[in-house]
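The following note is offered to a colleague who has not yet examined this structure. Its points are numbered so that each may be checked against the sequence and the coordinates.

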Amino acid sequence: MRPVHTFLALLSVALSCTITPIWSLVAIGKVHEVGGHEHWAPNVDYTVWSTHERFYRGDWLVFRFRKGMYDVVQVNETDYDRCSADHPILVWNGGNSYATQLNETGRYYYICSRGYCWEGMKVALVVENRPTPAPVPSPSSPASAPLRGTSAIVAPILAVACALTNAGFALA
Ligand SMILES: *[C@@H]1O[C@H](CO)[C@@H](O)[C@H](O)[C@H]1NC(C)=O
Ligand SMILES: *[C@@H]1O[C@H](CO)[C@@H](O)[C@H](O)[C@H]1NC(C)=O
C-alpha cells in the first residue's frame, strides 16, 4: 500500500513541479528599459533603440528619467509626429520612473511634453503577439488556441498538487 502511495506522490511531484514553472515563465513579460543605459533623456536616438528590441504583448516598458525635469506622455501618431501633447492618452510626470505593461498589440507612441521632444525625447514601438513557445504537433495555428486554454486551467491545479504533495512529504 505504502510504496504505491509514495510512487504516486513522487510521480505527481515530478510532473507538477517540473511542468508548472515552464507555463509560469511564458506568462511573465520581458522588461524593456527605454533607451537602455541612457534612459529617458534628450539626444538619445530612440528609433535605433526600439528597432533593436522585440516587443510582445505582456512585456513591460520602463522609463527612467531625471526627477522633475522630464515626463512621459503617451500620444497618438499625429501628436507624436508633431511633438504635441495636446491630446494625451496618458501623462506621467511623477517621480523618476514610469513602468507600464504593454497589454495590447499595436503601435505605442510616447513623447516628453516639456520641449525635449524636439531634442529626440520621443519613442514609437510596435507590440506583437508573443510567438507560441512550445512547438505544437499540428503546424496549423487553430489547434494552439484550445491548447493554451487547457494549460491555463491545468497549470494552477498542478501548482496546488505540487504544493500539497510537498506538504505531504514534509508531514511523513
Ligand atoms: C490623434 O488625435 C487627434 C485629436 O483627437 C486627431 O485629430 C488625430 O486624427 C489623431 N490621429 C490619429 C493617427 O489617430
Ligand atoms: C495590463 O493588464 C494587467 C492584468 O490584467 C492589469 O493589471 C494592468 O492594469 C494593465 N495595464 C495597463 C497599462 O493597461
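1. Gly-120 lies in the loop that links β7 to β8. The model is a predicted one, and the remarks in this note should be read accordingly. Is Gly-120 buried or exposed? It falls in between: Gly-120 is classed as partly exposed because it has 16 C-beta neighbours inside 10 Å, whereas 20 or more would be needed for a buried residue.

2. The surroundings of Gly-120 come from a remote part of the sequence. Its C-alpha atom is 8.2 Å from that of Ala-41, although 79 residues separate the two along the chain. Beyond the neighbours within four places in sequence, the contacts of Gly-120 are Pro-42, Asn-43, Val-44, Asp-45 and Tyr-46.

3. The two strands on either side of this loop, β7 and β8, are themselves paired: six bridges connect them in the antiparallel sense. Within this pairing, Gly-106 is placed opposite Val-127 of β8.

4. β7 and β8 belong to an open sheet of five strands, ordered β2-β8-β7-β4-β5, in which the pairing is mixed. Its edges are formed by β2 and by β5 (residues 90-92), each of which pairs on one side only. Strand β2, residues 55-56, runs parallel to β8 and is joined to it by two bridges. In these, Phe-55 is partnered by Val-127, and Tyr-56 by Glu-128.

5. A further open sheet consists of three strands in the order β1-β3-β6, again with mixed pairing. The edge positions are taken by β1 (31-33) and β6 (97-101), each pairing on one side only. From one strand to the next, the twist averages 20 degrees. Between β1 and β3 the direction is parallel, with three bridges; Val-31 has Trp-60 of β3 as its bridge partner.

6. Which residues stand out in the largest nonpolar core? This core has 22 residues, and those touching the most other members are Trp-40, Val-72, Ile-111, Cys-112 and Met-121. Strands β3 (60-64), β4 (72-75), β7 (106-111) and β8 (122-128) each contribute at least two residues to the core. As general background, nonpolar side chains tend to be buried together in soluble globular proteins.

7. Ile-111 deserves a separate look. Apart from its neighbours within four places in sequence, Ile-111 is in contact with Val-73, Val-75, Tyr-80, Cys-83, Ala-85, Cys-117, Met-121 and Lys-122. One of these, Met-121, is also listed among the core residues that touch the most other members.

8. What surrounds ligand 1? The residues around it are Asn-76, Glu-77, Thr-78, Asp-79 and His-87. By class, this shell comprises three polar and two charged residues, with no nonpolar residue.

9. Finally, the chain as a whole. The protein chain contains four helices and eight strands, arranged along the sequence as α-β-α-β-β-β-α-β-β-β-β-α. It has 172 residues, of which 19% count as buried. Among contacts in the protein chain with a separation of 6 or more, 72% are between residues 24 or more positions apart. The pair Gly-120 and Ala-41, 79 residues apart in sequence with C-alpha atoms 8.2 Å from each other, offers a separate illustration of parts distant along the chain.

Conventions
Residues numbered from 1 in each chain as written. Chains lettered and ligands numbered in written order. Predicted model: local features only at pLDDT ≥ 70, side-chain atom pairs only at ≥ 80, totals over all residues. Near = placed C-beta within 6 Å. Nonpolar A, V, L, I, M, F, W, Y, C, P; charged D, E, K, R; others polar. Core = buried A, V, L, I, M, F, W, Y, C linked by C-beta atoms within 7 Å. Buried ≥ 20, exposed ≤ 12 C-beta atoms within 10 Å, placed from the backbone. Contact = placed C-beta atoms within 7 Å. Pairing = 2+ DSSP bridges. Axes fitted to C-alpha atoms, helices over the stretch in contact; angles between N-to-C directions.
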